[in-house]
Amino acid sequence: MGDAADFSALDRAGLNLRAVFDLAALPAAMRAALDPAGRYRQLILLGHGGRTLWERVQAAGLQSAHPIDDFCVAVVEDWLAAQLPGRAYAIAYPGEVPVGLQALGRLAGWHHESPFRVGINTAWGSWFAYRALVLADTALPPTSPLPGESPCASCAGQPCVAACPAGALAGGDFSLAKCIAYRRQPDSRCRVTCVARTSCPVRPEHRYDDAQIAHSYARSLAMIERWGG
């Protein structure tokens, strides 16, 4: 007999994207990397689309180095305790072990490649993110992939390419070196944002507010500065 769960608490918290996979149905290499001991039956991928999650995180007033991660872990643990009590689980992401979130996103229908190398889909544009990955001994109904092809395939003119001030998208190939070099410039327009991404015409109604964009890109810039010397 399968499990049933009410996802409304996750929706209210802003975790409004989810995909449930049976581990046995995943590619063997992916399954071995995620659950090498074969302890769990399912994988629950959770994400957010739009602004609600950021609003909830701000309202929670968490004072930590990773407030979004900490908020999401607390919400997921509370939800599991309330909806699936007694089920064994492990939160694989956020965590220390690298997880192929984009590969899972492709299987879920969330992730299509964009010229600016952020995942994009027809429902949310590029304004979504992966927030939690749970290995669980559950029997929830597996979900169907989010429908829709890449919106970039039919995007007339691809304004993101022309908007990139680093020229990192020119010629149809993304240049990470040009992107990083430009972001590190003191007067860069992309230090705490991505001009190409904010120029994308797909689902602008879901665009993060400036504070959320700055929070995310400031973290990535800090990593660039740390590892770039």
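Contact, as the word is used in these exercises, means heavy atoms within 4.5 Å. The structure is a predicted model, and each exercise below is worked from it.

**Exercise 1. Describe the surroundings of Leu101, stating which residues it touches beyond those up to four places away in sequence.**

Solution. Begin with the position in the fold: Leu101 lies in helix α5. Next, consider accessibility, where buried means under 20% relative accessible area; Leu101 has a relative accessible area of 12% and is therefore buried. Then list the contacts, leaving out residues up to four places away in sequence: Leu101 touches Leu45, Tyr93, Tyr130 and Leu133. Finally, take a distance along and across the chain: His48 is 53 residues from Leu101 in sequence, and the C-alpha atoms of the two are separated by 13 Å.

**Exercise 2. Classify the ring pairs Trp110 with Tyr130 and Trp127 with Tyr208, and say where their members lie in the chain.**

Solution. The structure holds four aromatic pairs, two of which are treated here. For Trp110 and Tyr130 the ring centres are 5.8 Å apart and the planes stand at 15°, so this pair is stacked. Trp110 belongs to the loop between α5 (101–108) and β4 (128–136), while Tyr130 belongs to strand β4, so the pair ties together parts that are 20 residues apart in sequence. Trp110 and Tyr130 are both buried.

For Trp127 and Tyr208 the ring centres are 5.0 Å apart with the planes at 65°, and because planes over 60 degrees apart count as edge-to-face, this pair is edge-to-face. The pair links distant parts of the chain, with Trp127 in the loop between α5 and β4 and Tyr208 in the loop between α8 (195–198) and α9 (210–228), 81 residues apart. Trp127 and Tyr208 are buried as well. As a last step, look for a larger grouping: Trp110, Phe128 and Tyr130 form one aromatic cluster.

**Exercise 3. Examine the salt bridges that Arg18, Glu113 and Glu225 form, and decide how accessible the members of each are.**

Solution. Side chains of opposite charge can pair when their charged atoms come close. The structure holds seven salt bridges, among them the three taken up here. Arg18 pairs with Asp11, their closest N and O atoms being 3.0 Å apart; Arg18, at 25% relative accessibility, counts as partly exposed, and Asp11, with a relative accessible area of 33%, is partly exposed too.

Glu113 pairs with Arg106, and here the closest N and O atoms are 3.7 Å apart. Glu113 is partly exposed at a relative accessible area of 37%, as is Arg106 at 44%.

In the salt bridge between Glu225 and Arg184, the N to O distance is 3.3 Å. This pair links distant parts of the chain, since Glu225 sits in helix α9 and Arg184 in the loop between α7 (176–183) and α8, 41 residues apart. Glu225 counts as partly exposed at 30% relative accessibility, and Arg184 does so at 31%.

**Exercise 4. Characterise the largest cavity by its volume and by the residues that line it.**

Solution. The structure holds one cavity of 30 Å³ or more, and the largest cavity contains about 50 Å³ of space. Its lining is made up of Pro115, Phe116, Ile120, Pro151, Cys152, Cys155, Gln158, Cys160, Cys200, Pro201 and Val202. Sorting these lining residues by character gives ten nonpolar, one polar and no charged.

How values were computed:
Residues numbered from 1 in each chain as written. Predicted model: local features only at pLDDT ≥ 70, side-chain atom pairs only at ≥ 80, totals over all residues. Heavy atoms only, no water. 1 Å grid on protein atoms, 1.4 Å probe; cavity = no way out; pocket = protein on both sides within 12 Å on 5 of 7 lines; lining within 4 Å. Points joined across faces, edges and corners; volume = space filled by probe spheres on them. Nonpolar A, V, L, I, M, F, W, Y, C, P; charged D, E, K, R; others polar. Phe/Tyr/Trp six-rings, centres within 6.5 Å; stacked < 30°, edge-to-face > 60°. Helix = DSSP H or I, 4+ residues; strand = E, 2+ residues; numbered from the N terminus. Buried < 20%, exposed > 50% of the residue type's maximum accessible area, 1.4 Å probe, protein only. Salt bridge = Lys/Arg side-chain N within 4 Å of Asp/Glu carboxyl O.
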